[in-house]
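Colleague: I have just opened this one and would like a friendly tour. Could you walk me through it, one question at a time?

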Amino acid sequence: MEITKVLPDDCISLIISLTSPRDACRMALLSHAFNSIADSNAVWQMFLPLDYIHIISNSSSPPSLLSLPKKDLYFTLCYHPVLTHNGDMKFQLEKESGKKWYMVGARALSIQWVDTPRHWTWISLPDSRHTPVELDVSIEGTAAGEMRSVILDPPRNMPQQAKERVDGWLEIEMGEFFNGFENDRTVEFSLREDHDDQPKRGLIVQGIELRPKHKNNR
């Protein structure tokens, strides 16, 4: 059944842009008339972050990335993260919502004694395994968040707190924070020893990832 449109194209475009990327893809399948509007730059421009030009321009990606149709650019940023801050951070979009997703690389973290080879050595090892540590996430200038003590690689008789990713690394949730669209604030997160006065060995850090959390998971 062919569905015809009775509203002007710019009205339909505005309505679709107020939905979600998933809804826009579905509407593109309704009819030929809807397809051209739902896939238009006007719609997908609204799903991209307001500062996407600044992010891409200051990344290691070629400038030609900005010349892509906005829908193609959206999904490129979902499936092919770009490196920013001299390669110390990775940026991508969360496919379902278009929210920002960052990975802060290990070299961009503030690590105690990081320049002392006796304590830390920079190596590249993709298939590593991360003893008790404390995790904390809080907003700068506010009360400290809940401190959690976790074991990254527990023995077999203890529950596994870390989850294995598809890329072979282990990840563990440090905490969460809410962005209320107020003035920009600094988010502080920390990983430190669990006051057992024992040296930590074998900890290999790839980075810290900041990604959106769906409302139904809160």
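Colleague: What share of the residues in the chain is buried?

Modeller: Let me say early that this is a predicted model, where local features need pLDDT of at least 70, side-chain atom pairs count only at pLDDT 80 or more, and totals for chains, interfaces and linings use all residues. Residues are numbered from 1 along each chain as its sequence is written, and side-chain values use heavy atoms, with hydrogens and water left out. Buried means under 20% relative accessible area, exposed over 50%, and partly exposed in between, with a 1.4 Å probe and protein chains only. For the 218 residues of the chain, the buried share is 30%.

Colleague: How many helices and strands does the secondary structure have?

Modeller: Both are DSSP runs numbered from the N terminus: helices are H or I with at least four residues, strands are E with at least two. Counted that way, the chain has 6 helices and 9 strands.

Colleague: In what order do the strands of the open sheet stand?

Modeller: Two strands pair if DSSP finds at least two bridges between them. β1 and β2 are joined by 3 bridges, β2 (residues 89-93) and β3 (residues 100-105) by 5 bridges, and β3 and β9 (residues 207-210) by 4 bridges. The pairing is antiparallel, and the 4 strands follow the order β1-β2-β3-β9.

Colleague: Which strands stand at the edges of that sheet?

Modeller: An edge strand here has a single partner strand, so one side of it is left without a neighbour in the sheet. The two strands in that position are β1 (82-84) and β9.

Colleague: Which residues stand opposite Lys 90?

Modeller: Lys 90 belongs to β2, which pairs with β3 and is also joined to β1. Across from Lys 90 in β3 is Met 103. The other residue opposite Lys 90 is Leu 83.

Colleague: Which residue in the turn between β2 and β3 has a positive phi?

Modeller: β2 and β3 form a hairpin, with 6 residues between the two strands. In that turn, the residue with a positive phi of about 80 degrees is Gly 98.

Colleague: And which residue of β9 stands opposite Gly 105?

Modeller: β3 and β9 run antiparallel. Opposite Gly 105 in that pairing is Gly 207.

Colleague: Why does the salt bridge of Lys 100 tie together parts far along the sequence, and how many residues apart are they?

Modeller: A salt bridge is a side-chain nitrogen of Lys or Arg within 4 Å of a carboxyl oxygen of Asp or Glu. Lys 100 forms one with Asp 51, with the closest N and O atoms 3.0 Å apart. Lys 100 lies in strand β3 and Asp 51 in the loop between α4 (41-45) and α5, so the pair ties together parts whose separation in sequence is 49 residues.

Colleague: Is Lys 100 buried or partly exposed?

Modeller: Its partner Asp 51 has 29% relative accessibility and counts as partly exposed. Lys 100, at 33% relative accessibility, is likewise partly exposed.

Colleague: Which residues are joined into one network by salt bridges that share partners?

Modeller: Glu 171 and Arg 211 meet in a salt bridge of 2.9 Å, N to O, and Arg 211 forms another with Glu 209, the closest N and O atoms being 2.4 Å apart. The network therefore consists of these partners, joined through shared salt bridges: Glu 171, Glu 209 and Arg 211.

Colleague: Where does Leu 68 lie, and which residues is it in contact with beyond its neighbours within four places in sequence?

Modeller: Leu 68 is in the loop between α5 and α6, and is partly exposed at a relative accessible area of 29%. Contact means heavy atoms within 4.5 Å. Leaving aside neighbours within four places in sequence, the contacts of Leu 68 are Leu 73 and Thr 76.

Colleague: What separates the C-alpha atoms of Pro 69 and Ser 40?

Modeller: Pro 69 lies in the loop between α5 (52-57) and α6 (70-79), and is partly exposed with a relative accessible area of 41%. Along the chain, Pro 69 and Ser 40 are 29 residues apart, while their C-alpha atoms are separated by 8.1 Å.
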